[in-house]
Amino acid sequence: MKNAILTIDFLRASHEVAHQLIGATFTVNGVGGIIVETEAYDQLDPASHTFVGKTARNAAMFGAPGCAYVYRSYGIHWCLNFVCKAEGHGAGVLIRAIEPIAGLQAMMTRRGTDKVSLLCSGPGKLGQALAILHDYNGMPLQKSPFELTPVKNSVDIICGPRIGISKAIDLPWRFGLFGSPFISRPFR
């Protein structure tokens with residue numbers, strides 16, 4: 001699959017947005033890089049936080065498209081999703097990995113490693129490297145501290161089943177930049 005877009009349309013289905021985001025550049029307070037891996041989640045999907053309906057924890061996913069949904073995973077890591085679809089329908093895209101290009105020293109300090117390939121190769125690592133906070137939950141992605149720039153050139157995208165979940169594991173809603181050494185795990 002190829003991807004080259006000039007804008008990201010968060011009113012689309014989560015798996016379409018997840019595809020659109022591959023190759024886009026994302027930073028938080030000037031720290032970040034190229035999105036190389038995403039996963040889509042939808043309210044009708046039993047693996048989604050929104051499957052059970054709106055709760056205090058997942059309320060941002062039912063809010064305005066183009067906002068952040070931040071949650072704590074396993075009580076340890078802050079993870080970042082981009083909300084998509086029309087308000088009232090809980091859907092989003094988990095940002096699984098980026099290729100670090102901006103603020104490398106800050107990421108290395110936050111992660112405690114100088115190995116660039118390990119800085120953002122998973123949603124928890126990415127959250128730590130970008131200093132994602134729960135305070136960002138519900139914030140629009142087009143405003144500071146965020147900067148999201150759509151991909152300008154065509155990129156090759158691979159897709160496959162999502163990982164790290166136990167329900168709806170067969171859906172091919174995990175997307176990655178073909179050949180990237182910065183993804184969290186190889187595609188099968």
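**View 1. Five aromatic pairs turn up in this predicted model****.** Rings of Phe, Tyr and Trp (its six-membered ring) pair if their centres lie within 6.5 Å, and planes under 30 degrees apart count as stacked, over 60 as edge-to-face and the rest as tilted. One of the pairs is F10 with F82, edge-to-face, at 6.3 Å centre to centre and with 75 degrees between the planes. This pair ties together distant parts of the chain: F10 is in the loop between β1 (2–3) and α1 (14–21), F82 is in strand β5 (residues 77–83), and 72 residues separate them. Helices (H or I, at least four residues) and strands (E, at least two) are DSSP runs, numbered from the N terminus. Are F10 and F82 buried or exposed? Both F10 and F82 are buried, where buried means under 20% relative accessible area, exposed over 50% and partly exposed in between (1.4 Å probe, protein chains only).

**View 2. Y136 meets F146 edge-to-face****.** Here the ring centres are 5.4 Å apart and the planes make 70 degrees. Y136 belongs to the loop between α3 (123–129) and β7, while F146 is in strand β7, ten residues away. Y136 and F146 are buried. Zoom out a bit and ring pairs join F10, F26, F82, Y136 and F146 into a cluster.

A few housekeeping notes for every view: residues are numbered from 1 along each chain as its sequence is written, and side-chain values use heavy atoms, with hydrogens and water left out. As this is a predicted model, local features need pLDDT of at least 70, side-chain atom pairs count only at pLDDT 80 or more, and totals for chains, interfaces and linings use all residues.

**View 3. The largest nonpolar core has 44 residues****.** A nonpolar core is a set of buried Ala, Val, Leu, Ile, Met, Phe, Trp, Tyr and Cys residues joined through side-chain atoms within 4.5 Å. Which residues have the most contacts inside this core? They are L21, F26, I35, F82, L130 and L148. Strand β6 (residues 91–102) gives the largest share of the core, five residues. Apart from this core lies another one of eight residues, with Y41, A60, Y69 and Y71 among them. In soluble globular proteins, nonpolar side chains tend to be buried together.

**View 4. L130 and E147, with their contacts****.** Contact means heavy atoms within 4.5 Å. Setting aside neighbours within four places in sequence, L130 is in contact with F26, V28, V31, G32, I98, M107 and R110. E147, in strand β7 (residues 146–149), is in contact with T25, F26, T27 and L141, again not counting neighbours within four places in sequence. E147 and E87 are 60 residues apart in sequence and 22 Å apart in space, C-alpha to C-alpha.

**View 5. The charged end of R174 sits over the ring of F187****.** It is 3.8 Å from the ring centre. A charge sits over a ring if NZ of Lys or CZ of Arg is within 6 Å of the ring centre and within 35 degrees of the ring normal.

**View 6. α1 is mostly covered****.** Six of the eight residues of α1 are buried, namely S14, V17, A18, H19, Q20 and L21. Just after α1 comes G23, with a positive phi of about 95 degrees.

**View 7. Some backbone oddities sit in loops****.** A cis peptide bond joins S144 and P145, with omega about 20 degrees, and P145 is in the loop between α3 and β7. That loop also holds A131, which is not a glycine yet has a positive phi of about 55 degrees. A131 is partly exposed, with a relative accessible area of 27%. N29 isn't a glycine either, and its phi is positive at about 50 degrees. N29 is in the loop between β2 (25–28) and β3 (31–42) and is exposed, with a relative accessible area of 53%.

**View 8. Pulling back, the protein has three helices and nine strands****.** The C-alpha trace spans about 40 × 35 × 30 Å along its principal axes. Of the 188 residues, 53% count as buried. Residues 24 or more positions apart make up 59% of the contacts with a separation of 6 or more.
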